Structures are given as structure tokens and as C-alpha cells.
Amino acid sequence: MATSVRMSAPPPTGARALLLRLRNGDEVARLITLAFACIILLVTVGLIYQLWSTSALPRHKFGFGFLTSSQWNPVTGEFGAVPFIYGTVVTSLIALLIAVPLGVGAAIFLAELAPPRISSTFTFFIELLAAVPSVIYGLLAFFALVPLMRDYVEPFLRKTMGFLPVFSGTIFGLGYLTAGVILAIMTLPFIISISREALLEVPTEQREAALALGATRWESTWQAVVPYARLGIFGSVFLGLARALGETMAVTMVIGNDPKVHESMFALGYSIAAIIANEFSEATTDLHVQSLVLLGLVLFLLTIVINALARLLIIATARRGSS
Amino acid sequence: MTLRNRWRKTLSYVMLSLTGVCAVVAVATLFLILGYLVYNGWRSIDWNFFTQLSKPAGETGGGMKNAIVGSFQIILLATAIGLPVGFMAGVYLAEFGGKTFAFLVRYMADLLNGVPSIVIGIFAYAVVVVPMHGNSAVAGGFALALILIPITARSTEQFMTSVPETLREGALALGASKWRTIATVVVPAAYRGIATGMILGVARIAGETAPLLFTSGSSDNMNGLGQPTASLPVMIFYRALSPYDDWHRQAWAAGMVLLLLVLLANIAARMILSRGISVQK
């Protein structure tokens with residue numbers, strides 16, 4: 001008897017269910033926003049596919065030799081990536097060498113020492129620094145930094161440390177070192193603001209424990225707080241590195257555009273982004289254009305690996321900070 | 001006090017002061033940049049800058065009216081494509097996203113965000129410039145839109161997810177459907193944050209140069225959207241590297257105008273965000 005009683009209509013299935021859900025609008029809204037989300041997916045996949053397919057010619061002709069050859073001669077059709085990878089990596093490393101100590105120091109000051117008002121004002125200014133377009137950095141570097149490096153900084157370095165091969169040779173003002181310095185200024189705001197956030201995540205107990213054991217303020221900061229936030233700080237460094245690697249305009253304007261590998265940091269060089277900016281619209285042969293696209297692909301792969309590392313490290317600290 | 005303790009105290013003072021010096025150096029850089037640019041830009045700017053077209057090499061005088069108009073055209077195009085797409089994708093990520101697919105979209109957006117802008121330029125060149133047989137404002141707008149989309153999507157998502165769940169539950173409990181809840185409760189609650197993200201995104205693309213070099217190109221005239229179009233950042237690049245003093249002067253003027261616009265947009269965006277505390281973290 002009880003089995004014959006129907007409690008309610010069975011839930012609609014299949015097409016009828018979809019129609020019902022469509023009628024109240026939620027499904028429509030979901031599908032529309034889903035379509036837009038798919039655009040992001042399509043663009044990214046399309047970008048990778050495009051880079052891969054339009055660089056087929058040099059990939060087949062040179063193979064991995066592209067990455068080990070240092071010849072770049074559009075006239076004879078020889079293309080190798082070494083001078084550009086070298087220039088990109090060297091300028092970025094110079095940038096980090098300057099920006100990391102300065103940035104971490106500033107972040108420590110903003111997170112640990114400065115009164116909240118000063119800290120937030122400074123942070124505001126530093127975020128504005130991050131918003132300055134790269135062509136403006138290039139403009140300033142070209143007219144202000146280049147003469148400064150040529151007349152004062154580089155002669156000084158050559159006089160004091162000229163016995164090192166990296167600080168010897170002709171001084172132009174343009175070159176690896178100048179490009180590295182302007183990149184340092186450009187990456188500094190990223191390193192400061194993310195390191196600062198990582199330091200702010202450190203629990204107060206960490207500081208109190210160190211101070212209670214008799215540590216000075218600096219010892220507590222350097223031995224208890226900074227190590228705790230180190231993953232986030234490393235993350236900020238990698239993020240700065242990724243930005244420096246892909247930076248185009250400022251570097252193009254001051255690196256000197258010489259497609260060779262030089263030991264001296266005063267020498268003229270070239271970077272991946274700079275050669276694409278300079279030669280892409282003027283390249284005439286397919287092989288030349290596609291070699292530039294292949295360089296773009298190399299740059300792309302380099303930055304996504306560094307970016308992924310950065311994000312993993314930042315996520316790792318955020319997790320630990322909250323637990 | 002033992003010698004060792006005195007040393008530890010001194011070290012502490014020295015190192016802590018050094019961190020302060022680092023912070024001051026970083027902030028001073030901003031003011032140096034601003035000061036130097038305004039000093040040089042102010043000496044160089046005149047009415048011709050805003051009212052005259054640029055002149056080809058060899059002729060003195062002229063202004064940057066075409067580049068100013070061109071920049072606005074390109075940015076408007078980029079905004080018209082980038083903001084709606086980014087916003088809707090952000091809504092999907094915040095409200096409708098499941099686990100795996102949303103993760104994938106988020107990952108791809110972050111990946112796209114990290115792509116060097118010059119590489120975006122290569123892509124836009126292949127997708128728009130090659131089929132259209134030439135540089136155009138459309139191609140430039142497309143390239144900048146690709147940069148704007150992931151920025152807008154992620155910031156929209158971030159501010160929508162920070163709207164308290166209780167607000168959504170309240171609306172749903174009153175019988176509103178989900179999309180109505182989003183449109184009338186969640187988005188209004190997060191709109192300051194969303195607007196901030198959008199303004200910051202537009203300010204970011206306004207200064208982008210690398211993706212425009214071989215997409216929108218350069219021109220001394222004001223052309224239609226399908227023709228090569230001058231823009232302020234590209235103009236700064238070419239004028240600064242030219243051998244003419246008159247062109248250097250114009251580069252400084254353009255640099256000042258561009259920097260002031262970008263910084264004003266940034267300050268405005270932050271003021272919008274800080275005035276409304278409707279979004280709690």
C-alpha cells in the first residue's frame with residue numbers, strides 16, 4: 001500500500017531539465033560568462049600555437065643549434081640565439097644584483113620599522129613607480145643615465161676594479177651595465193611590494209619570541225622574521241626576474257644593439273626583446289622573420305617558467321602564513 | 001655592558017638605518033623621475049604639441065596631435081574589447097567556475113598576464129596585421145586588449161570573491177535567481193574594486209609600447225582605424241632615438257604628458273578604492 005503513494009513528481013531529466021534551468025536565467029548567465037572565459041583559453045592556446053607554427057622554418061633548419069650558435073647575420077641567413085639570450089640573462093642578473101638587496105632592505109623597513117602612516121605613504125609611491133611606462137624609463141635612461149654611466153660610474157668602476165675582465169674595455173655609456181641599472185629600477189617596486197607583504201604575513205609571536213630571548217631588533221628581524229618570509233621574498237625576486245627578462249623598450253634604448261657576446265659589462269650588447277623590437281618590422285626573408293618569432297618563443301618559455309616558480313613560492317608562503 | 005653587546009646594538013642600529021636608506025632611495029627614484037621629466041617636458045611643451053600634426057624627418061616644428069588622437073583611438077578599441085571580455089570572464093571565475101575548468105582558465109589568464117608584451121605584439125601581428133595587409137589602429141587595439149583581458153578578469157574575480165557570502169545568501173533566500181543576485185547584489189557591492197582594477201588595467205596598457213611597434217605602426221597623419229596610426233609611446237621611442245634636437249624636445253613633452261596621464265589614472269583608481277570600504281578583505 002505504502003508503495004503506491006507517490007511523494008512527488010520525479011525530477012525532470014535530460015533536455016527538459018536544461019530547458020527548465022534555461023528559463024530561470026541562471027544557465028544562460030553561466031553559459032555567457034563561460035563563453036567569455038573560453039576566450040582567455042583560446043587566446044592563450046592560440047598564442048602558443050602561433051609562436052610554434054610560425055617558427056617552423058628555423059626550428060627545422062637549425063634545430064637545437066639555434067640555441068648554441070652565436071652568429072646572427074640576416075644577409076647570409078645565419079641565425080643563432082646566443083648573443084641575445086646572453087644579453088637578456090646578463091642584464092637581468094645585474095638588475096637583480098642591485099634590486100634585491102635594495103628592495104629587501106626597503107621592504108624590511110616598510111614592514112618592520114616604519115610607523116603605519118609612513119609605511120603606507122611610501123608603499124603608495126612605490127606602487128606609482130611600478131606604474132611608470134617602460135618607454136619613459138627608456139627616455140630617462142637614454143638622456144640621463146647614459147651620460148652619468150659614461151662620465152662617472154663606469155670610469156670609476158674601471159679605475160677601482162679594472163683588473164676584472166667584466167669591468168674593463170671601452171666605455172660607451174650604453175651597454176649591458178646601463179641596461180641592467182635601468183632594469184634594477186624597474187624591478188625594484190615589484191620586489192619591495194611583494195616582499196613587504198610576505199614580511200607582514202609573519203606572525204608577531206615570531207618577533208616576540210626572538211626579542212624575549214634577548215635578540216636585538218635587527219637580530220630578531222634578520223634571524224627570525226626574514227627566514228620565515230623567505231619563500232615570499234624569493235617569489236618576489238623571481239617575479240622581478242620575469243619582468244626584467246621580458247622588458248623591451250627601456251633595454252632596447254640603452255643596450256647598444258650589438259649582436260655579439262662580450263665579456264665586459266661596459267660593452268654594447270643585445271637582448272631577445274630588443275632584437276625583436278628592432279628587426280621584426282624590417283625583416284624581409286621568411287627565415288629572418290621566423291627566427292625572430294623563435295626568439296620570441298624562447299623568451300616566452302623562459303618567462304613562464306620563472307613566473308610559475310614565483311607564483312608557487314608566493315602561494316607557499318601565503319599558505320604557511322595562514323596556518 | 002660588554003663589548004659584544006655594544007657591538008650587537010651598534011650593528012642593529014646600523015642595519016636598521018640602512019633599511020631606511022633603501023626605502024628612501026626607492027621613493028626618491030620616483031620623485032627624481034617625475035622631477036626630471038617635468039623639468040624637461042615643461043620646457044619643451046607648447047600649443048603646437050597639441051594642435052599640429054607631426055612632421056617628417058628634416059622639417060622642424062610640428063606637434064603630436066596625431067599621436068594623441070591615435071593613442072586614444074587605440075586605447076578605446078582595446079578597452080571596448082578588453083574590459084567586457086575580462087569582466088565577464090572574471091564573473092565566471094568568481095561565481096560560476098567549477099573546480100577544474102576554472103582552475104584552467106585562471107592558470108591561462110596568469111600565463112597570458114606574464115607573457116612579455118613584445119611577444120603579444122608578434123601574436124597580434126600574425127593574427128591581425130598579416131590578414132589586413134598592413135599596420136592599423138585595430139591591430140594595436142587588439143594587441144593591447146590581449147594585455148587588458150587577463151588583468152581585468154583576475155581583478156574582477158578577486159573583488160567579487162571578497163564580497164561576503166552572507167550577502168549572496170540573503171538575496172538567494174529572498175528568492176532571487178543566481179544571475180539576479182550577481183547583477184543586483186554582488187557586482188554593486190564590489191563595483192569600486194572592479195572599477196579600480198579596470199582603471200589600473202587601462203593605465204597599464206596606455207603606456208605599452210612594444211606591442212604597438214609593429215601592429216599600429218606610425219604615421220604623420222590622422223587616419224582611419226584600418227590605417228597605420230601614431231601613438232604617444234611609439235612616438236616617444238622613435239623621437240628619443242632620432243638625431244634631431246627638436247625631436248628630442250618633442251619626446252620629452254610627450255613623455256611628460258604620458259606619465260602625468262598614467263599617474264593621474266593610478267591615483268584616481270586608488271582614491272576610488274580607498275574611499276569606499278564596501279568591500280571588506
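This is a short talk on how two chains, A and B, are built and how they meet.

Okay, so before anything else, keep in mind that this is a predicted model. I'll start with chain A, move to where the two chains touch, and finish inside chain B.

Chain A is mostly a story about helices: there are 14 of them, plus two strands. What does its radius of gyration say about chain A? The value is 27 Å, and for 323 residues the globule rule gives 20 Å, so chain A is more spread out than a compact globule. You can see that in the box too: along the principal axes, the C-alpha atoms of chain A take up roughly 105 × 70 × 30 Å.

Now, the contact between the chains. Chain A puts in 65 residues and chain B puts in 68. Which element supplies the largest share on the chain A side? That's helix H2 of chain A, residues 26–53, with 15 residues. As for the character of that side of chain A, we've got 45 nonpolar residues, 15 polar and five charged.

Let's zoom in on one piece of this. H2(A) packs on helix H4 of chain B, residues 100–114, with the axes 9 Å apart and an angle of about 50°. An angle like that falls outside the parallel, perpendicular and antiparallel ranges, so the two helices count as oblique. The crossing of H2(A) and H4(B) is left-handed. From H2(A), the residues in contact include Ile40(A), Leu41(A) and Val43(A), and from H4(B) they include Leu104(B), Met108(B) and Leu112(B). By class, this contact has 10 nonpolar residues, one polar and no charged ones.

Over to chain B by itself. The domain assignment splits chain B into domain 1, 3–44, and domain 2, 48–275. Their C-alpha centres are 33 Å apart. Where they touch, domain 1 of chain B gives six residues and domain 2 of chain B gives seven. On the domain 1 side, that's three nonpolar, three polar and no charged residues.

Last stop, a helix pair within chain B: H5, residues 117–132, and H6, residues 137–161. They pack with axes 9 Å apart at about 140°. Are they parallel or oblique? H5(B) and H6(B) come out as oblique, and their crossing is right-handed. Among the residues making the contact are Ile120(B), Ala124(B) and Val128(B) from H5(B), with Phe142(B) and Leu146(B) from H6(B). The class count here is 11 nonpolar, two polar and no charged residues.

That's it from me, thanks.

Key:
Residues numbered from 1 in each chain as written. Chains lettered and ligands numbered in written order. Predicted model: local features only at pLDDT ≥ 70, side-chain atom pairs only at ≥ 80, totals over all residues. Domains from an automatic or database assignment. Contact = placed C-beta atoms within 7 Å. Nonpolar A, V, L, I, M, F, W, Y, C, P; charged D, E, K, R; others polar. Axes fitted to C-alpha atoms, helices over the stretch in contact; angles between N-to-C directions. Helix = DSSP H or I, 4+ residues; strand = E, 2+ residues; numbered from the N terminus. Parallel < 35°, antiparallel > 145°, perpendicular 65-115°, else oblique. Left-handed = near helix turned anticlockwise from the far one by under 90°. Rg over C-alpha atoms; globule rule 2.2 N^0.38 Å.
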